[in-house]
Amino acid sequence: MTVKPGIVTLRIPGPEHRARAREIVEATGLFRPEEVEIAEEVFESAALAPGTDYTPLGAFDEEGNLLGFACYGPTPCTVGTWDLYWIAVDPGAHRQGVGRKLAQWTEQRIAGEGGRLIVAETSSRGDYDPTRAFYEALNYEVAARVPDFYAPNDDLVVYIKRLGPPREIAND
Ligand SMILES: CC(C)(COP(=O)(O)OP(=O)(O)OC[C@H]1O[C@@H](n2cnc3c(N)ncnc32)[C@H](O)[C@@H]1OP(=O)(O)O)[C@@H](O)C(=O)NCCC(=O)NCCS
């Protein structure tokens with residue numbers, strides 16, 4: 001699909017956007033087939049029951065075409081930690097602020113739910129340089145790195161962003 005971002009509208013996508021979400025994930029060229037399947041499953045689950053385990057957010061062009069999406073949800077067994085599970089933008093709309101809009105809306109919504117920490121996991125591979133540059137541009141910081149996590153020479157890089165004031169350290 002040829003995309004023309006123009007004026008971008010943010011709204012919650014529905015299950016009818018599942019195929020387009022998959023197309024966007026595939027078009028990035030970054031994800032293995034099993035990761036594409038998982039992305040589609042997460043999107044569908046989020047779109048069918050937003051706010052249960054996952055919530056989807058979508059960015060749409062003026063003709064109502066999905067340009068990109070994010071899926072986030074509360075991290076089980078934590079207090080106030082939330083995962084940004086997926087964020088992906090059609091390559092035809094990269095570097096036009098769509099990802100930033102989706103991430104900022106995600107942050108606002110998580111903050112509105114009382115969330116205090118966002119976690120986003122990604123890969124150390126060279127083809128993920130733009131992804132890491134994106135998180136760093138949005139003031140996410142690297143909190144952990146697990147060597148060879150995804151595959152030999154493909155580390156897990158864990159980014160975090162704190163939403164509230166910095167944690168107070170007890171002085172006793
Ligand atoms: C990461 C991704 C969502 C960014 O979307 P985007 O709409 O292109 O991002 P934006 O235009 O909002 O970029 C915001 C800032 O991030 C940084 N950035 C984004 N892409 C970058 C790139 N290719 N190289 C360097 N910096 C980049 C820039 O600082 C940019 O601001 P600027 O354009 O004013 O300089 C997009 O590249 C993508 O879909 N990647 C593949 C999927 C992926 O890796 N998802 C995350 C893991 S699930």
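How many residues does helix H2 have, and how far does helix H2 reach from its first C-alpha to its last? Let's work through that and a few more.

A note before starting: this is a predicted model, where local features need pLDDT of at least 70, side-chain atom pairs count only at pLDDT 80 or more, and totals for chains, interfaces and linings use all residues. Residues are numbered from 1 along each chain as its sequence is written, and side-chain values use heavy atoms, with hydrogens and water left out.

**Exercise 1. Work out the span of H2.**

Step 1. Find the helix: helices (H or I, at least four residues) and strands (E, at least two) are DSSP runs, numbered from the N terminus. H2 covers residues 33-48, which makes 16 residues.

Step 2. Take the expected span, which is 1.5 Å times one less than the number of residues. For H2 that gives 22 Å, and the model's 23 Å is close to it.

**Exercise 2. Find out which side of H2 is buried.**

Step 1. Pick out the buried residues (under 20% relative accessible area; exposed is over 50%, partly exposed in between; 1.4 Å probe, protein chains only). In H2 they are Glu35, Val36, Ala39, Glu40, Val42, Phe43, Ala46 and Ala47.

Step 2. Check the arc, taken from the directions from the helix axis to the C-beta atoms. These residues cover an arc of only 165° around the axis, so they sit on the same side of H2.

Step 3. Now flip to the face turned away: there you'll find the exposed residues Pro33, Glu41 and Leu48.

Step 4. Ask what does the covering, with contact meaning heavy atoms within 4.5 Å. The cover of H2's buried residues includes helix H1 (18-27), S2, S3 and S4.

**Exercise 3. Repeat this for H1.**

Step 1. H1 buries Arg20, Ala21, Ile24 and Val25. Their arc around the axis is only 140°, so they share the same side of H1.

Step 2. H2, S3 and S4 are among what covers them.

Step 3. Look just past the end of H1: Gly29 there has a positive phi of about 75°.

**Exercise 4. Lay out the sheet.**

Step 1. Strands pair if DSSP finds at least two bridges between them. Following the pairs gives an open, mixed sheet of 7 strands, ordered S1-S2-S3-S4-S5-S7-S6.

Step 2. Spot the edges: strand S1 (9-11) and strand S6 (141-151) each pair on one side only.

Step 3. Zoom in on S1, which runs antiparallel to strand S2 (residues 55-60) and is joined to it by 3 bridges. Thr9 stands opposite Phe60 in S2.
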